[in-house]
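User: I am new to this structure and should like to understand the terms applied to it. Please explain each one as it arises.

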Amino acid sequence: MSFLNRIEMSALGTALFFMAGCAMADVVVVVSPSSSVTAMSQNQVSDIFLGKASRFPNGDRAVPLDLEEGSDERDQFYMKYAGKSPAQVRAHWSKIVFTGKGLPPKEVLHSQEIKKLIAENHNLIGYMDRSMVDAKVKVVAVME
Amino acid sequence: MADRKQTVAGLKKILGTSLEAHLLFPLFALLMTACIWAVTYHLIELERTSKERVIADSIAEQAETYEAQMIRSLDVIEQSLKTIQYAYEINGKKLSIVQLKDKGLLPPSLVFTVAIADKNGEIIASTHPGRIKNVVDGHGFRHHRDSDTQESIVNPGSAGSSGDKLHFSRRINASDGAFAGIVMILVEPHYFTSGYERSRLGEKGVLGLIGENDVFLVRRSGDLVSTGEAGDGVDPDQVGTRLYINAWDGVQRYMQTRRLYSFPLTLIVGLSRAEQMESFERQKRAYLWGAGAATFLLAVTAGVLTRLSWQLALSRRRTRKDQETFYAASEATLDAIFVLRSLLDERKKIVDFVIDNVNERGAVMLGRAKSELLQQRLRDLLPSHVVDFMIGEFAEVALTGKVFEREWENQFPHIRAKWLYYQVVKVEDGVVATMRDISERKQAEERISHMAHHDALTGLPNRTLLDDRIRQAISLAQRHARSLTIIFIDLDDFKLVNDSLGHKVGDELLKIVADRMLQCVRQSDTVVRLGGDEFVIVLSDQSGTAETITPSLQRIRDAIAEPIFLSGQRLEVTASIGLATYPRDGSDGDALLMNADAAMYQAKALGRNNYQFFTAEMNQKIQERLALQDGLRNALSRDEFFLVYQPQIDLRSNRIVGVEALIRWLHPVMGLIAPKDFIRLAEENGMIVQIGEWVLRAACTQCKAWQDAGLPPMVMSVNVSARQFRDNNLIDQVEAALRETGLDAQWLELELTESLIMQNPQHAVSIMRELRTLGVRLSIDDFGSGYSSLSALKSFPIARLKLDRSFVRDLPESEDDRAIALTVVSLGHTLNLKVLAEGIETAGQLEFLKEHGCDEGQGYFFCMPLLPEEFKDFFHKRQKEMHISGPVHQICT
């Protein structure tokens, strides 16, 4: 018996699930207030998070911070900014890791931690629910 | 050089005959097709091998890459396992996975799950808590617990274990070396095929990892990933690239395998042959299509060209045949044919012609070899004085296209023909001249023309030409206010010469006379023989007076009179000559000739051997003659003739033994006309034949009437003219007359003149014999005036000789006549013929004749010719007198 699994099919299924479940969630991209970056496009954001770019538009080094797998914000973020389901993100990183071209972003457990880390380092970039945003971070991208 | 030429010619011949274009084209097309396909297949083969090399290179490179990636990946796993093992063995249960993770000592948790199990298989730490349960039954756990090996392993995988993660594990030892648990790294099988690049492997390529149990831990083709399937006999130790048809999906692939050494794994890389060769197949199809299209084009082109060239060959063959036919015809013809090409100067004016072709006869005509003539210019061939004119004519034809033809008297010394006919016809870039030697025809024409205009015997112009010459002379005379004289010459007694010496002598005589006459006139004068012994001389350019003409005339007379020696005889010829002068004696040729003729008649009438100028009185006579001629034509139908009869007396018995029928013409205006005045006319216009027939019939009728009236039978003598005698109907006429009148043939006597018989004695004798057969008697009239020979006379079937009146007239005084009379009488008696004397007018004559034995006589002394009634009276009266007084001397009045 063989089990055939189409990645795309499963990705589509996951995407539908999240879109339905987290319709109300509103994830924004943030950086340190000390960063000179003020606004970023969707592609600039997704490139940094998918390992395709390592610098901000202003030339500063960019280090993305991810939430742990399975968090709503993470799934929503990748869905909205990169158009990828969690499986697709995993497949994406699998290939990069396998071929030795890079490593996935550092994972932190909570949005609070992200906030804390970002506040201290203008090279970091992360995402969080809008409700979490305060003066410690600067929102540079919002996807409706 | 010559050899080479020959070789080339031979080659051309061979090519021309055996390799005509319509055969060459298909051959060439076949050859080309073969080439095209050979090249195509060669290119395809090249393409294939190059493609296969590319594939081999590509697969080798990908296998290398995949192998490197695998080794590195497995190294990371191995390294991580070792790190955790170490960390755990030092820290024990205090070890924080999270700390290790934060320090970046663990592989990315997104892909890898790291877990530690204690010696009981319970998970005591994991990057993904709750994801893994107790592993006491796991392959790795059991392996590490049961065998004390310090090496990492991976679960071997098994058929049907789809979806399972791959477990990499390592034993953890307690400080005493006892089994303390295992550290595990779990990874999705997909991970090991995530390096699948569509751009390089395509949709049907394959990447796969085979475990210890010959099971695919994972296998990916395009987006299709499968796990836990049978390895299907892939040889882990295969060297290089091999082509398989993979059992799992039936795709044919180039495959490479690499055995890995850190773990018992074998990786495979495969490229679908169909996919990889697709570009090649496309290329191959393109090549084949190209070759096919080229072949088709070639076939069509060759077909069209073949057809065209076949048609060309056909038409060429037809043309050649036509040419050969034409050539044969042109060689066979008697005409010389020249094909001439125009030569133009700068102003497009034709200045010369070049001989493009000529047939054999043309070459012969010009007296040159054909090869010498070809490509020659006319100006180089022909003398300039003619060639200009000729080229002008030809150029006219070439310009206007009108057919030109004419006859031409040759002026080129090297052309033998005297007369040429040539016809010139325009052709495309010149003319074709056809020439024919018509010299013979011309000669014949000239001969015929000469014959038509000249007398065959003497070569002098004849009557036809005479009219023409007179006309010319008259117009000349008119122009110069001069005159011309027509001299009409008739040789005297020429008939006698002809009769006695034969035609040959007569002809010779005429020739000599003609020649002499020619000698004594000028070049501009004309001597014509009218026929027989009649000649006409036209003296042109005369002053018109008798005095000036006389010397010429005398010369002519002297020339004629000069003795001629022919067949041993000396002949002296005289001529009767009449002259008429333009314009005095007539304004045209006919009038002048007629008048000269009249003058000649006058000369004859005046005793011959003299000349007479035409006078008005002659004209009068001519008028009379014309009137007589006119009347004569109607005399028979108007019943104007009648016969009188002159009795013939037996001199011994004084009895009437017969009568001679004599014709008389009672002209309604001119009255009674004697035979001598109209018989000659009748002979001239042919009336004599009808008249003779009428006389014959009338005489027979009368003779029979007298017999019926009781008169004793007597002989009826009828004169036969020469014309009648020549006419073949004479026998029939006589027969018919006798039959129709019922007269017995023995009472009819035909009188023939001596000259009449002598004209053609043999013919005469045969007719005479036939007449004799009928029973008709024959006599010779006017005997003594001709030249009858004794031997001829002997053969004539005649009964009687009639002594001509000219020998009786001077009897008995003339000694000559006496001798002749006596000779004739004795001759007659010798031949047993009766002799009758004509024209007895005196008693003296009668006495002499009677005395010397002449049998019979007729003449005025006895009686004038009598009408039938008068004769009856005369007969009765004479019978009565004879009865009373016997022989009577003077009977007639």
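User: How do you know how far apart in sequence the contacts of chain B reach?

Analyst: A contact means heavy atoms within 4.5 Å. Among contacts in chain B between residues at least 6 apart in sequence, 60% join residues at least 24 apart. This is a predicted model, in which local features need pLDDT of at least 70 and side-chain atom pairs count only at pLDDT 80 or more, while totals for chains, interfaces and linings use all residues. Residues are numbered from 1 along each chain as its sequence is written, chains are lettered from A and ligands numbered from 1 in the order in which they are written, and side-chain values use heavy atoms, without hydrogens and water.

User: What is the corresponding value for chain A?

Analyst: In chain A, residues 24 or more positions apart account for 72% of the contacts with a separation of 6 or more.

User: What makes up the secondary structure of each chain?

Analyst: Helices (H or I, at least four residues) and strands (E, at least two) are DSSP runs, numbered from the N terminus. By that rule chain B has 29 helices and 33 strands, and chain A has five helices and six strands. Along its sequence, chain A follows the pattern β-α-β-α-β-α-α-β-α-β-β.

User: Why is Asn359(B) called buried?

Analyst: Buried means under 20% relative accessible area, exposed over 50%, and partly exposed in between (1.4 Å probe, protein chains only). Asn359(B) has a relative accessible area of 2%, and therefore counts as buried. Its place is in the loop between β14 (350-358) and α8 (360-366) of chain B. Of the 893 residues of chain B, 47% are buried.

User: Which residues surround Asn359(B), leaving aside its neighbours within four places in sequence?

Analyst: With those neighbours left aside, Asn359(B) is in contact with Ser330(B), Glu331(B), Thr333(B), Asp335(B), Ala336(B) and Ile337(B). The side chain of Asn359(B) also reaches the backbone nitrogen of Ile337(B) at 2.9 Å.

User: Why is Ser46(A) called buried, and why is Ser54(A) called partly exposed?

Analyst: Ser46(A) has 7% relative accessibility, so it falls under the limit for buried. Ser54(A) has a relative accessible area of 47%, which lies between the two limits, and is therefore partly exposed. In chain A, buried residues make up 44% of the 144 residues.

User: Where are these two serines, Ser46(A) and Ser54(A), found?

Analyst: Ser46(A) is in helix α2 (residues 42-49) of chain A, and Ser54(A) is in the loop between α2 and β3 (63-67). Leaving aside neighbours within four places in sequence, Ser46(A) is in contact with Tyr81(A) and Ala82(A), while Ser54(A) is in contact with Asp60(A), Arg61(A) and Ala62(A). The C-alpha atoms of Ser54(A) and Pro64(A), 10 residues apart along the chain, are separated by 8.8 Å.

User: What makes the lining of the largest cavity nonpolar?

Analyst: Ala, Val, Leu, Ile, Met, Phe, Trp, Tyr, Cys and Pro count as nonpolar, Asp, Glu, Lys and Arg as charged, and the others, Gly among them, as polar. The lining divides into 13 nonpolar, no polar and no charged residues. Among the 13 lining residues, Phe338(B), Leu366(B), Leu378(B), Leu382(B) and Met435(B) lie nearest the centre of the cavity. The elements that give two or more residues to this lining are β13 (336-344), α10 (378-381), α11 (384-400) and β17 (430-437) of chain B.

User: What makes a space a cavity?

Analyst: On a 1 Å grid over the protein atoms alone, a cavity is a set of points where a 1.4 Å probe fits but cannot get out, and lining residues have an atom within 4 Å of a point.

Key
A polar contact is a pair of N or O atoms within 3.5 Å; within protein, one must be able to donate a hydrogen and the other to accept it, and residues adjacent in sequence count only if both atoms are side-chain atoms. On a 1 Å grid over the protein atoms alone, a cavity is a set of points where a 1.4 Å probe fits but cannot get out, and a pocket is an open set with protein on both sides within 12 Å along at least five of seven lines; lining residues have an atom within 4 Å of a point.
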